[in-house]
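Student: Got a minute to walk through this one with me? I'd like to pick out a few spots and see how they sit.
Tutor: Sure, put it up.

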Amino acid sequence: MDLFGRQLEQAAMSRVVAGAMSGQGAALVLWGDPGIGKTALLEHATDVAGPGFTILTCRGTRLESGLAFAGLHQLLWPVVDRIDTLPLPQARALKGALGHSGDQADRFLLGAAVLTLLSDLAEVRPVLVVVDDGQWLDEPTAQRMSFVTRRVQAEPVAVLVAVHEDPALGDWELVPSLEVRGLDDSAARLLASSAARDVDDVLIEHTVRVAGGNPLALQELPRTLGETGAALLSQGDPVAVGPRLRRAFRARIDPLGSAIRTALLLAAADDRGEGAVLRRAGAVLGVEAEAWELALRSGLLTARGDRLRLRHSLIRAVVYEEATLADRQAVHRALAESLTADATGELRAWHLAAAAEKADEQVALLLERSAERAWGRGGCAAAVRALRRAAALSPENGDAVRRLCRGAAAAWDAGQVATARELLRASEKMSSEAAVARLSGGLRGVIEFARGDQERAHGFLLLDMREVPDPAKALDLGCLAVRAGWAAGRPELQAEALRQVGELARRRPFPDADLLPVLRAWWTTEPGEDAKPGPAVLTGDVLARLSSSLLRLHPPTPLGVAWGLEQPLSVALRNKIAKVRRTEEVGVLTLALAQSATLDIVLGRWSEATANATEGMRVAEEIGADHLASQCRNCLALLAAMRGDEETVAAAAARTLELSVPREVRALSAAAHWYLGMSALFAGRADEALERLLRLTEPGHDAAHPTFAVLAVLDTVEAALRAGRPEAAEPQTQLLRRWADHTEAAWAVSGAHLARALLADASDAEKWFQFALEVPGASSRPFSFARTRLLYGEWLRRARRRSEARVQLAEAAEAFQRLGATPLLERAQAEQELTGAHPHRSARGSERQDVLTPQELRVARLAGEGLTNREIAAQLLISPRTVGHHLSNVFPKLGIISRSDLAKVDFDGAAGAPTDTVTDSGSRDSS
């Protein structure tokens, strides 16, 4: 069929197809009203691609929208034999999703599997993926395909999707899109005339006027309305296509015999279109072969192979909605009878549910079993739909509540937070909060902790902890309550949760209970409450056990940093990350990356921190884990503050505060204010910095948090002194001293000495500077140690002890240079010049062309460990070809020629800041 007036759309699709042909992948979503011509455009693109492409297609249907991975099954059916060539974890995930095995389909691993499969196919010839009626794809398929479309840039893969609604509102929001609008009058006139050649010009003109440029209406209205149509169309002003087009289809359907209408209704009720199933169901209702033939001749039903489909989705809607309830129920019963329970149990359950006239436990049980199967394959959204309907069909109240709670859990797994809360509320109206807590495993508190208000989460978690029957689950909820109290910046809530967890452990034994005293000590935030954890409990078996069984009570990394535990925690997390990467548990990996990034920053591994935080934030945003994404975003803001990138700090902090303040997640809000204050301090705006930093100790402020107040003390003290307000520095110094006495953490002891040095008079200051530098272990934090040297060097220079100052300043400058801490590097260099040294400077903001991006760094590290491109792609959720693209950039940047050379590279140096060299003039003090 000719495409009239679609030059813009054809050009856009041709660019996507041509890009894939040249090795540059792309995706495009076409969207617009039903009947606007999206399917015709997709068919045109398929014709343009031709035999030079591997073409994979699928089409969403109303009936299968609730069946997990139905669309993916249809899309990959032609190449299902290639699944065994994938890496084993990916192959297992994909087979599990398609129902070929009992393996569970991890959502991210499955996306990587589809991406790898397409990449493999593209090695032979370019691939065109065509998805029609994407608005009706089952949600797991839509999410996986959306995942794929955002990662095909380096592949000869083109993806075209057609949907009804603006893709900015759904799964395709990050994919380039093009709205398909109505044809202009000239093109509309040509299309209407070509579709109904024997219709007079008057009817054509009226059709053009009311069709609104909708191609389906332009083709259907003249043919279906006939002579009476002219009078009908000439009445009144132009109207929306929907009602008129429905009237046109009804005009075609009503004159048909009852058997033909039943055949059409069967096709509308089971729009998968399996001819054998439809004919068996038709036989139950007395629809003979002749009726099917007549339905095909009417043009409303089409046949392609053994598939029988109504010609357009709007026809399906009219046929189904115009039928009586009794007729629809009869059709669904017949379809259920025609399906075998073993092969298509889920479809059969849905047809029986649609046919049910009242509560029916047998049907509810079938739906529940269907939901569990879908959930096991990763089809959480399908499970939600089935369990909700099962609850509605449950004769017994208790069964209904149980199914609603299961549905809430499935919705939570699917990322449908609002639906999960809605189902829990519905359950509580039918039962009690205690019963719902038991049946849902305390889900309301878990949801509130992850997405909502931390104080409310704390209360819910402690209440539900007492109700859930499983001791391990109860402990898990109690641990989350402790974390909620800490995240809310409320020590009293944290202490109460710790107390109740201790009582729980005494009443209900659980594995690894012997670790509770150690964990309780770690969580203690006030001096004198508990004994400090000794070095013996921070290594080996304890950390291994924590990482595997008691992760909830594992101290959050800022608290671990405050205790000075960054070294053992980093070892534990690095081991955890390495292990998880081998098993490809992407969700756990994201949590570990977010925690590890903070430790990497403290320990001076800034390039690795950037890579970890970037990767963690990307995946966290994929799954809508706002708090986790904000943790990663805050890490990037801290790095940006120390590197002098104020714009990045401001943008990251604004987004974090937007999410965290309404939910009272003060741990995230405090970090954002700290990094804004640090950024202002390093930029020379001491007053602004002090205002920000004092909020960390201001009672009732959104940023008030005891852990972050301690961590930010040195910034606050320096800001107070530079702003001419030494009185504001003294309470901060006392705070850090108390923490140092409580924990004996090297950084805190050194920091307390440094704060005293900054506040001391000339006769006492030097000894405190020296004490700060001599604390064992203080040098393990390169940035902090270099900053101490800088402040000491500045003091020495002001005391006119220039030679001694140059030593401290040169050491500080070298560390800042290696880390890329531009503001303090420039400050150190300016001080060096005042001592008579002549440091070589680079222009501020200059970029080395050989610096690796975070993703290049990650790829290079893994390749250096001996992983293949396919193994790296599986871990990083990118395609093997994209891995190759990154490595092709890495080799010239690092000046190497082979993968074997990667094992010898110092990657922290490879991703560092521009290198400046510093020379001493050798001049003597003149004083």
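Student: Is V331 buried or exposed?
Tutor: V331 is buried, because its relative accessibility is 2% and the cut-off for buried is under 20%. Keep in mind that this is a predicted model.

Student: Which helix is V331 in?
Tutor: V331 sits in helix α15, residues 325–338.

Student: And what does V331 touch?
Tutor: Skipping residues up to four places away in sequence, V331 touches L265, L266, A269 and L285. A267 is 64 residues from V331 in sequence. Their C-alpha atoms are 9.7 Å apart.

Student: Next, L819. Where is that?
Tutor: L819 is in helix α42. L819 is buried, with a relative accessible area of 4%.

Student: What is L819 in contact with?
Tutor: Leaving out neighbours within four places in sequence, the contacts of L819 are G604, W606, R643, P782 and F783. Take F783: 36 residues separate it from L819 in sequence, and the C-alpha to C-alpha gap is 7.8 Å.

Student: How about T716? Which helix, and buried or exposed?
Tutor: T716 belongs to helix α37, residues 713–722. T716 counts as buried, at 1% relative accessibility.

Student: Who touches T716?
Tutor: L690, L693, L694 and Q732 do, not counting residues up to four places away in sequence.

Student: L693 sounds handy. Does a helix pair come with it?
Tutor: L693 is in α35, and it is one of the residues there that meet α34. Helix α34 covers residues 666–682 and helix α35 covers residues 686–694.

Student: How do α34 and α35 pack?
Tutor: Their axes are 8 Å apart, at an angle of about 165°. So α34 runs roughly antiparallel to α35, as the angle is over 145 degrees. The crossing of α34 and α35 is left-handed.

Student: Which residues of α34 and α35 meet?
Tutor: On the α34 side, H673, W674, L676, G677, A680 and L681. On the α35 side, E688, A689, R692 and L693. The contact of α34 with α35 divides into six nonpolar, two polar and two charged residues.

Student: Got another pair to set beside it?
Tutor: Try α19 and α20, residues 397–413 and 417–430. The axes of α19 and α20 come within 8 Å and cross at roughly 165°. That makes α19 roughly antiparallel to α20. The crossing of α19 and α20 is left-handed.

Student: Which residues make the contact of α19 and α20?
Tutor: From α19: N397, A400, V401, L404, C405, G407, A408, A411 and W412. From α20: V417, T419, A420, L423, L424, A426, S427 and M430.

Student: How many of the residues in the contact of α19 with α20 are charged?
Tutor: None: the split is 13 nonpolar, four polar and no charged.

Student: Switching topic. Where are the positive phi values in residues other than glycine?
Tutor: F69 and R800 are examples, and phi of each is near 65°.

Student: Which loops are F69 and R800 in?
Tutor: F69 is in the loop between β2 (54–59) and α3 (70–76). R800 is in the loop between α41 (782–798) and α42 (802–819).

Student: And how covered are those two?
Tutor: F69 counts as buried, at 2% relative accessibility. R800 is partly exposed, at 46%.

Student: What about whole helices? How many residues of α44 are buried?
Tutor: Eight of the eleven residues in helix α44 (residues 854–864) are buried, so the rest of the structure largely encloses it. They are E856, L857, R858, V859, A860, R861, L862 and A863. After α44 comes G866, with a positive phi near 100°.

Student: And how many of α6?
Tutor: Nine of the eleven residues of helix α6 (residues 139–149) are buried. Among them are P140, R144, M145 and F147.

Student: Last one: give me the global numbers.
Tutor: The protein chain has 927 residues, and 57% count as buried. There are 47 helices and nine strands. The accessible surface is about 37,400 Å², with 51% of it on carbon and sulfur atoms. Among contacts with a separation of 6 or more, 70% join residues 24 or more positions apart.

Note on methods:
Residues numbered from 1 in each chain as written. Predicted model: local features only at pLDDT ≥ 70, side-chain atom pairs only at ≥ 80, totals over all residues. Heavy atoms only, no water. Buried < 20%, exposed > 50% of the residue type's maximum accessible area, 1.4 Å probe, protein only. Helix = DSSP H or I, 4+ residues; strand = E, 2+ residues; numbered from the N terminus. Contact = heavy atoms within 4.5 Å. Areas by Shrake-Rupley, 256 points an atom, 1.4 Å probe, with all protein chains shown as cover. Axes fitted to C-alpha atoms, helices over the stretch in contact; angles between N-to-C directions. Parallel < 35°, antiparallel > 145°, perpendicular 65-115°, else oblique. Left-handed = near helix turned anticlockwise from the far one by under 90°. Nonpolar A, V, L, I, M, F, W, Y, C, P; charged D, E, K, R; others polar.
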